[in-house]
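Let us learn to read two kinds of links between side chains, taking them one at a time. Keep the picture open beside the text as we go.

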Amino acid sequence: MKFKTQLLLASILIGLASPLATFAQPVAKGVWLGNEAGAAKTPPMGWNSWNAFRTEVDEDKVMGAAQALVDDGLAKLGYTYVNLDDGWWLKRRQSDGRMIIRTQIFPSATTPDGNTSFRGFTDRLHGMGLKAGLYTDVGHNACSQAFDLHSPNLPEGTAEERQVGLDGHVSQDINLYFSEWGFDYLKVDACGLADYAPDSKLVKDNGYIGLKPEIDRASLNRTDSVKVEKRYAEVAAALKQANPDNDYVFSMCNWGMANVREWGKEVGSSWRTSSDITPNWSSMLHNYDSAAKRALYAGPGHWNDPDILYIGAGDFDADHLTEARTHFTLWAMMSSPLLISYDLRQAPKSLLDIWGNADLITVDQDPAGNQAIVAYDSDDAQILVKTMADHHKVVALFNRTASPTKVSLLARHLKLRGDAPIALTDLWSKAGSTFTAETEIELAPHETRVFSVEGVRELADGVYLSEIPGAINVADDGVREPQLDPTVHRMIDPWASTRSGGSRPQYAGWGGAQADMTPYAQALQIGDHTYDSGIGVLGNSLLQVKNDGYGTFRATVGVDDSTPDRDRAVTFAVYADGKLVAKTPPLKFGDAPRDISAVIAGHKIIELLATHDNAANEQPVVVTWGMARLQK
Ligand code: GAL
């Protein structure tokens, strides 16, 4: 994003003959750009204090949760991070800028010299085989200081003392939290960049020092995404420096805003894709939708984060186990972080059994990190398919509605052959069944059924790229002007109610690269030929693919029949470790699909480049890498 904008500016400054500014075409990089720094090779798992306690958190509650993780066997299943969210701080000491802990609620943090320290707290967690997480904000002030004004645990003192966020103190705070206090995980919120406008009532009434918003919660155009990215990148660099052992997780929390879809995967371990989850069905749908079609943007080291689990409350409490299981299943299918946020000191067995579903944890934690793709899509029911590292499939059939429904599962959805038996194992009931070609499955209201699948793969000697989103990094998705994603379920905003004129999520994502469909959710189609498998992306894009020992890349390519721009000619090129290995002539809308293949044996990074000439104000060109696959 940064460099595109700079180019645009440069072309304006040097006064190009044409009044139309142009964007750079991407070039093959030869090196993997997806974030791999940090300890999030698989999605982080653990516990977070926020949904359970908000700012009414204290040491007993957190240690109680930690003990329960161990005693209930959840830690053994992978729930190791114990994350302290908003509410822990007292103030920033002005003599030296050091953050001081609210010892009233964290008595063990008291030190004789008044410095306060979480070292004892993190030592205890580490002694239990757990890891420790802390919360901060990338601006001056935190979210509770705007949204939990009634809280007894807000930072205290002068305006400066109440500036508890990272701004101006990035390396000081990170060294304190990691080197001195021994934390392993940092969640970095962004209210400090969004809610403290200098002339706002909040700032005036509470005597804060304002900060001109860099995130406008109501306007992507008025959000300075480049600046927000820069701030998070600065934190990432400090975290790297403070953690030479690489044992840290960087959880970015700017709620899907500031076009984080585009840059999050190169900066942190995970990024929130939406606003906060609340314990109701509609909110769960909203948060799920915000991540469900972003599979190509996640992978080992960098994950879509649709927010903490809300299992145990409201529509997901012990009286709504169908909904609670659905919530858990969807998060596991999406390779999302799994953070329990419930008072675990008194959890009923029915809920423990949900968080403790070892089969679904295995699905979430699969090392290939292939987020499920949406193989069948509707507002009523969806079929999600996830390819595991050993290439077997897991399928979830999700009933979004309050009525029972029937869903036909086809071998085609699974990319399995329809002429051989397909065995299903239900990952909740553990019951087995078999079908050939097609089967009908009944779903109760709000139910998700999830199965491990064994069958004969359509592509016996390889993988379709749409089966391995975790091995793909969308280095450039060709989106020039970020557009809001219109496909996210829009709930009645729990904060604004119906006063706002309509719920308008600010998540840029429309037009991003997609598995088995175009960026605008159409079937892949070139010159009237449709493709069940493939990658849909815009022109002037660069996709990076990790080659896990395959010998050949093949695809059938062209401008997609659904393209808004029908004039530009697109050249498709394949690079292996930075070297050009195949290229098509320029192809236009309406041209016949064209086969492209390349020998890639021995090469680690394959790059797929689709380029065209360009101009400002151009319509996007939709291109299709049909049947794109790696074969032996
Ligand atoms: C929100 C964030 C929540 C929680 C809260 C704390 O911005 O999305 O997950 O951390 O702040 O105040």
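**Reading disulfides and salt bridges**

A: In this predicted model, a disulfide joins Cys143 to Cys191, with an S to S distance of 1.9 Å.

Q: What is a disulfide, and how many does the structure hold?

A: In general, a disulfide is a covalent bond between the sulfur atoms of two cysteines. The structure holds one disulfide, and the link of Cys143 and Cys191 is right-handed, with 95 degrees about the S-S bond.

Q: Where in the chain do Cys143 and Cys191 lie?

A: The pair links distant parts of the chain, 48 residues apart: Cys143 lies in the loop between strand S5 (131-137) and helix H5 (144-147), while Cys191 belongs to helix H7 (residues 191-194). Both Cys143 and Cys191 are buried.

Q: Why is Cys253 not bonded to Cys143?

A: The closest cysteine sulfur to that of Cys253 is in Cys143, and because the distance is 6.5 Å, the two are too far apart for a bond. Cys253 counts as buried, at 1% relative accessibility.

Q: Let us turn to charged side chains: when can they pair?

A: Side chains of opposite charge can pair when their charged atoms come close. In this structure the count comes to 34 salt bridges. One of them is formed by Glu214 and Lys227, whose closest N and O atoms are 3.9 Å apart. Glu214 lies in the loop between helix H8 (201-206) and helix H9 (225-242), and Lys227 lies in helix H9, so the pair ties together parts that are 13 residues apart in sequence.

Q: Are Glu214 and Lys227 buried or exposed?

A: Glu214 counts as buried, at 6% relative accessibility, whereas Lys227 is partly exposed, with a relative accessible area of 39%.

Q: Which parts of the chain does the salt bridge of Lys393 and Glu467 tie together?

A: The side chains of Lys393 and Glu467 meet at 2.5 Å, N to O. Lys393 lies in strand S13 (residues 393-399) and Glu467 in the loop between strand S19 (462-464) and strand S20 (472-476), so the parts tied together are 74 residues apart in sequence. Lys393 counts as buried at 2% relative accessibility, and Glu467 is buried at 2% as well.

Q: How far apart are the closest N and O atoms of Lys415 and Asp516, and where do these residues lie?

A: Lys415 forms a salt bridge with Asp516, with 2.7 Å between the closest N and O atoms. Lys415 lies in the loop between strand S14 (405-410) and strand S15 (422-426), and Asp516 in the loop between strand S23 (514-515) and strand S24 (524-526), so this pair ties together parts that are 101 residues apart in sequence.

Note on methods
Residues numbered from 1 in each chain as written. Predicted model: local features only at pLDDT ≥ 70, side-chain atom pairs only at ≥ 80, totals over all residues. Heavy atoms only, no water. Salt bridge = Lys/Arg side-chain N within 4 Å of Asp/Glu carboxyl O. Helix = DSSP H or I, 4+ residues; strand = E, 2+ residues; numbered from the N terminus. Buried < 20%, exposed > 50% of the residue type's maximum accessible area, 1.4 Å probe, protein only. Disulfide = S-S within 2.5 Å.
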